[in-house]
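Okay, thanks everyone for coming. I'd like to walk you through a couple of spots in a model, so let's get it up on the screen.

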Amino acid sequence: MRPFDDATRRNIARACAAFTRLPDGAQQASLKRAAVAVTLTAAGDDGSDTAFLLTLRASTLRAHRGQWALPGGRCDAGETPVAAALRELDEELGVKLGDDAVLGLLDDYPTRSGYLITPVVVWPADSGAIRPNPEEVASVHRIGLATIERDDAFDFTAIPESVRRVIRFHHQGGLIHAPTAALIYQFREVLAGRATRVTELEQPVFAWK
């Protein structure tokens, strides 16, 4: 268990600082920039474990409706990924943070739908102040870090449409796929001190649009 306290914050910040991100590739210039927030919080009222926030997207959204996602979205013109992640976190969950809440960045993940997603790891000072925007978020879930550190939390499978492995995160009896599963998996690996790359992990065909 990782209690939601200053010691855990420092440990995660050190793990993020020790992680060296992949350099930008030339092929990524044509992709639209996006960012998501890996938002760390208390898993429960007692603070005995640290969690991250996972959302179920509203069924009324135009794209990827009803899918699991980390808070985030497309970068506005001239906006950095960090600024975009913090803005989207505020718009979706009502969590207002400054740059001092940022612990680090993970690798950019290129999606089949034409986006380059930058995961931004953040630690809010107030883990209870969450006000979901019903126009964007159907529900919010706190996923304990102990959950993603289980040996059976992730698996890999093959699809006939690609030679790349499809990653899957097992959650509440169902499956969460890339890009969300890939980003969570890399965060799990960073916590363990492993520089595991995920850019080549595949998405299911339904997410290619």
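Let's start with D108. Its relative accessibility comes out at 6%, so D108 counts as buried, since the cut-off for buried is under 20%. Keep in mind that this is a predicted model.

Where does D108 sit along the chain? You'll find D108 in a loop, the one between strand 5, which is 102-105, and strand 6, which is 109-110.

Now, which side chains make polar contacts with the side chain of D108? One is R21, with a side-chain to side-chain polar contact of 2.6 Å. Another is T118, and that side-chain pair is also joined by a polar contact of 2.6 Å.

Let's look at the rest of the surroundings. If you leave out residues up to four places away in sequence, D108 touches R21, D24, R33, L116, I117, T118 and T199. So R21 and T118 turn up again in that list of contacts.

Okay, on to the cysteines. A quick reminder for anyone new: a disulfide is a covalent bond between the sulfur atoms of two cysteines. How many disulfides does the structure hold? Zero. Take C16: it's in no disulfide, and the nearest cysteine sulfur belongs to C75, 18 Å away. Turn it around and C75 is in no disulfide either, with the sulfur of C16 as its nearest, at 18 Å. For a disulfide, the two sulfurs would have to be within 2.5 Å.

And are these two buried or exposed? C16 is at 6% relative accessibility, so C16 counts as buried. C75 is at 11%, so C75 counts as buried too.

Key:
Residues are numbered from 1 along each chain as its sequence is written. This is a predicted model: local features need pLDDT of at least 70, side-chain atom pairs count only at pLDDT 80 or more; totals for chains, interfaces and linings use all residues. Side-chain values use heavy atoms; hydrogens and water are left out. Helices (H or I, at least four residues) and strands (E, at least two) are DSSP runs, numbered from the N terminus. Buried means under 20% relative accessible area, exposed over 50%, partly exposed in between (1.4 Å probe, protein chains only). A polar contact is a pair of N or O atoms within 3.5 Å; within protein, one must be able to donate a hydrogen and the other to accept it, and residues adjacent in sequence count only if both atoms are side-chain atoms. Contact means heavy atoms within 4.5 Å.
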